[in-house]
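The following exercises concern a protein model and are each accompanied by a worked solution. Please inspect the sequence and the structure before attempting them.

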Amino acid sequence: MSGPVIRARDLRMRYGRAEVLRGVDLEVGAGEVVALLGPNGAGKTTTIEILEGFRRRSSGEVTVLGTDPGRGGDAWRARLGIVLQNWQDHPRWGVRQLLTHIAGFYDRPRDADELLEVMGLTAQAGQAVGRLSGGQRRRLDVALGIVGHPELLFLDEPTSGFDPEARREFHALVERLARDEGMTVLLTTHDLAEAERLADRIAILVGGTVTVCGTPSGLASVVRAASEVCWLEDGVPRTERTSDPSRLAFELHRRFGGPVPGLEVRRPSLEQSYLDLVAGKDEPITGRRAA
Ligand SMILES: Nc1ncnc2c1ncn2[C@@H]1O[C@H](COP(=O)(O)OP(=O)(O)OP(=O)(O)O)[C@@H](O)[C@H]1O
């Protein structure tokens with residue numbers, strides 16, 4: 001298809017008197033992996049549910065695979081893969097039984113056993129869904145989301161409850177789906193490292209709008225918080241926060257007439273920068289775009 005796979009313009013959502021989304025703009029191109037980040041309650045799930053057609057928006061223009069999600073029919077829905085948070089249905093079904101059953105709704109499903117193998121669930125194939133561990137349950141959720149060969153995959157906090165190995169395998173799987181199958185992926189996560197690893201672009205939702213959107217490296221330069229420059233002055237530790245640490249270091253060097261005692265520059269991690277960005281923000285910031 002031509003044009004973006006997801007396009008939202010001035011998307012707004014109100015629950016009663018609370019306006020959760022205050023004009024979200026978002027575009028996701030074919031084959032892109034985009035991570036939606038934001039603090040608890042920012043509206044990530046709400047946004048994803050609107051895009052999936054599960055929730056009616058208050059206003060704004062939205063198209064997903066060229067269709068308004070509010071009007072998407074079965075054929076449109078079959079092109080989406082959806083991994084929700086906390087899917088708790090079918091506890092008595094067997095793992096393979098449930099996957100095969102759901103696969104039956106699609107025209108060209110993946111092979112259930114191959115998928116169980118990929119998701120590391122072969123040993124649990126005959127087990128009841130309700131007896132899986134949290135991480136195994138989550139892996140089954142992902143398997144259910146991709147069994148129908150979707151063009152567009154929505155992943156709402158897909159790796160919560162995964163152990164480090166399952167997380168690594170899942171990351172490799174998403175990379176494979178995007179690279180080899182050209183699948184478009186929109187995921188929400190609280191894990192900045194996960195977003196950096198998987199996403200072509202990261203969108204940060206805070207104050208009801210997408211405050212910053214860009215490549216992980218572009219984002220790092222836009223969001224990067226102030227560095228700390230530390231040194232000793234007459235034996236007393238001094239610290240100054242600055243966005244231009246080399247300039248301050250140069251000035252100190254000139255002032256001291258040579259090497260600065262105890263000079264140290266501490267650059268914040270991307271995670272610290274992100275936390276600084278979202279801390280206490282309930283009003284949208286505008287005009288910030290990363291490359
Ligand atoms: N059905 C609903 N009725 C009323 N308020 C709701 C409803 N669903 C969500 N909210 C509120 O909307 C806000 C956004 O919720 P949402 O679940 O979209 O945020 P989120 O970014 O996904 O959060 P989290 O990171 O905690 O999953 C929250 O304040 C939440 O309480």
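**Exercise 1.** Identify the residue that follows H1 and state the sign of its phi.

*Solution.* In this predicted model, H1 is followed by glycine 53. The phi of this glycine is positive, near 85°.

**Exercise 2.** Determine which residues of H1 are buried, and explain why H1 is described as largely enclosed.

*Solution.* Step 1: apply the cut-off, under which a residue is buried if 20 or more other C-beta atoms lie within 10 Å of its own. Step 2: list the residues of H1 that satisfy it, namely Lys44, Thr46, Thr47, Ile48, Glu49, Ile50 and Leu51. Step 3: draw the conclusion; because seven of the nine residues of H1 are buried, the helix is largely enclosed by the rest of the structure.

**Exercise 3.** Describe the shell around the ligand by its residues, by their character and by the element that contributes the largest share.

*Solution.* Step 1: the residues around the ligand are Tyr15, Val20, Gly38, Asn40, Gly41, Ala42, Gly43, Lys44, Thr45 and Thr46. Step 2: sorted by character, the shell comprises three nonpolar residues, six polar and one charged. Step 3: helix H1 (residues 44–52) supplies the largest share, three residues.

**Exercise 4.** Compare the span of H5 with its expected value, then establish how far the helix is covered and what it packs against.

*Solution.* Step 1: helix H5 (residues 134–146) has 13 residues, and at 1.5 Å a residue a span of 18 Å is expected. Step 2: from first C-alpha to last, H5 reaches 19 Å, which is close to that expectation. Step 3: H5 is mostly covered, with 11 of its 13 residues buried; among them are Arg137, Arg138, Arg139 and Asp141. Step 4: the partners of the buried residues are strands S5 (80–83) and S6 (152–156), together with helices H3 (95–103), H4 (112–118) and H6 (164–181).

**Exercise 5.** Which residues touch the most other members of the largest nonpolar core, and what does phenylalanine 154 touch?

*Solution.* Step 1: the core holds 65 residues, and those touching the most other members are Ala35, Leu99, Ala143, Phe154, Leu186, Ala203 and Ile204. Step 2: leaving aside residues up to four places away in sequence, phenylalanine 154 touches Ile48, Leu51, Glu52, Leu80, Gly81, Ile82, Val83 and Leu186.

**Exercise 6.** State how the protein is divided into domains and how far apart their C-alpha centres lie.

*Solution.* Step 1: domain 1 covers 6–79 + 150–220, and domain 2 covers 226–267. Step 2: the C-alpha centres of domain 1 and domain 2 are 41 Å apart.

Methods
Residues are numbered from 1 along each chain as its sequence is written. This is a predicted model: local features need pLDDT of at least 70, side-chain atom pairs count only at pLDDT 80 or more; totals for chains, interfaces and linings use all residues. A residue is near a molecule or strand if its C-beta atom, placed from the backbone, lies within 6 Å of it. Helices (H or I, at least four residues) and strands (E, at least two) are DSSP runs, numbered from the N terminus. Ala, Val, Leu, Ile, Met, Phe, Trp, Tyr, Cys and Pro count as nonpolar, Asp, Glu, Lys and Arg as charged, and the others, Gly among them, as polar. A residue is buried if 20 or more other C-beta atoms lie within 10 Å of its own, exposed if 12 or fewer, and partly exposed in between; C-beta atoms are placed from the backbone. Domain bounds come from an automatic or database domain assignment. A nonpolar core is a set of buried Ala, Val, Leu, Ile, Met, Phe, Trp, Tyr and Cys residues joined through C-beta atoms within 7 Å. Two residues are in contact if their C-beta atoms, placed from the backbone, lie within 7 Å. The expected span of a helix is 1.5 Å times one less than its number of residues.
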